[in-house]
Amino acid sequence: MNIALITGASSGMGQEFVRRIDTMGLDELWLVSRRSERLKELADSLKTPCKLISADLSKTESIDEIAALLAERKPNLKILVNASGFGIFKDAANTALADQYAMIDLNARGLVGVTHVCLPYMERGGEIYQFGSLSSFQPVPWINIYAATKAFVLSYTRALNVELKPRGIRAMAVSPGWVKTEFFDHAVKDDTIIYYNRYYTSEQVITRALRDMKRGKDVSICGFPVRAQVLLTKLLPHKLVMAIWCKQQKQPRGEK
């Protein structure tokens, strides 16, 4: 049985990925999210049979549940999409420690856990899409912890892609700039971040990701301006990059 497993499937870019994969003729889609009602609504709109998994991927027991389901069904996992994650726009000192741990547990630890338990069920030609961010490429004050988790995703995914090459499995980090999704409902708490230079749609990001996977890339960045920004973060000292960012957000380079 050929399947795809998509985390963060109930909204945003995860949901858009589900709709694209729904057209690919797989036997079943495994949709993972904490919001079971939203998953059911989505599944009812699809033509591919779905298995709904309500799980909090920041919890070890949720990773264990997915591992047990895979062991029971033993599918051929053709596509894995790790789109679960959240951020908080606030300085680290004033972000609750529980929230900082939660970002690390979901964005990094959960992603690694899902990937690890899925890999034994992937064969040659398998594809892994891991959601990073434009913030993967630089330190980002005022989005500090979130950006650090996405830097982890970028490094982990690119190295994993090399390790999986002998097996014929591809891993790619999807690293978009600003994308107007429900992510902002959780991330924006106040006016800490005020400058958003441009938005892209989930459709644009996923279209680019699917194309870049076919081209053999290990990183997908939607939009020429965003790719240009990534290039600049590689050429300029990060101290200067952070200073420019803080000026755009009208934030001091040190403490508030």
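How much surface does the protein expose, and what share of it do carbon and sulfur atoms supply? In this predicted model, the exposed area is about 12200 Å², and carbon and sulfur atoms account for 54% of it. Beneath that surface, buried residues make up 52% of the 256 residues.

The overall architecture is a good place to start. The secondary structure consists of 9 helices and 9 strands. The radius of gyration is 18 Å, close to the 18 Å that the globule rule gives for 256 residues, so the protein is as compact as a globular protein of that length. Taken along the principal axes, the box filled by the C-alpha atoms is roughly 55 × 35 × 30 Å. Among contacts with a separation of 6 or more, 68% join residues that are 24 or more positions apart. As for charge, the protein carries 35 positive and 26 negative charges, and the mean positions of the two sets lie 9 Å apart.

Two strand residues give a view of the buried part of the model. Thr 7 belongs to strand E1, which covers residues 2–7. With a relative accessible area of 0%, Thr 7 falls under the 20% cut-off and is therefore buried. Beyond its neighbours within four places in sequence, Thr 7 contacts Gly 14, Val 32, Leu 57, Val 81, Asn 82, Ala 83, Ser 84 and Val 114. Val 174, for its part, is found in strand E6 (residues 170–174), and its relative accessible area of 1% makes this residue buried. Residues up to four places away aside, the contacts of Val 174 include a run from Tyr 129 through Gln 130, Phe 131 and Gly 132 to Ser 133. Val 174 also touches Val 205, Ala 209 and Ser 220.

The helices add further detail to this picture. Helix H5 (residues 144–164) has 21 residues and reaches 30 Å between its first and last C-alpha atoms, close to the 30 Å expected at 1.5 Å a residue. Its buried residues include Ile 145, Val 153, Leu 154, Leu 160 and Leu 164, together with polar ones such as Thr 149, Lys 150 and Asn 161. Leu 154 of H5 lies 8.5 Å from Val 174, C-alpha to C-alpha, with their positions 20 residues apart in sequence. Ile 145, also buried in H5, is touched by Gln 100. Gln 100 sits in helix H4 (residues 97–118) and counts as buried at 13% relative accessibility. Its other contacts, again leaving out residues up to four places away in sequence, are Ala 92 and Thr 95.

Helix H7 spans residues 202–214, and its 13 residues should cover 18 Å at 1.5 Å a residue; the end C-alpha atoms are 19 Å apart, which agrees. Val 205 and Ala 209 are among the residues buried in H7, and both are contacts of Val 174. Other buried positions in H7 include the charged residues Arg 208 and Asp 212. Just after H7, Gly 216 takes a positive phi of about 85°.

Helix H9 (residues 238–248) holds Ile 244. Is this residue buried or partly exposed? At 40% relative accessibility, Ile 244 counts as partly exposed. Ile 244 and Ser 84 are 160 residues apart in sequence and 29 Å apart in space, C-alpha to C-alpha; Ser 84 is itself one of the contacts of the buried Thr 7.

Conventions: Residues are numbered from 1 along each chain as its sequence is written. This is a predicted model: local features need pLDDT of at least 70, side-chain atom pairs count only at pLDDT 80 or more; totals for chains, interfaces and linings use all residues. Side-chain values use heavy atoms; hydrogens and water are left out. Helices (H or I, at least four residues) and strands (E, at least two) are DSSP runs, numbered from the N terminus. Buried means under 20% relative accessible area, exposed over 50%, partly exposed in between (1.4 Å probe, protein chains only). Contact means heavy atoms within 4.5 Å. The expected span of a helix is 1.5 Å times one less than its number of residues. The radius of gyration is taken over C-alpha atoms; the globule rule is 2.2 Å times the number of residues to the power 0.38. Accessible areas come from the Shrake-Rupley method with a 1.4 Å probe; for residues, only the protein chains shown count as cover. Lys and Arg count as positive and Asp and Glu as negative; His and the chain ends are not counted. The place of a charge is taken as NZ of Lys, CZ of Arg, CG of Asp or CD of Glu.
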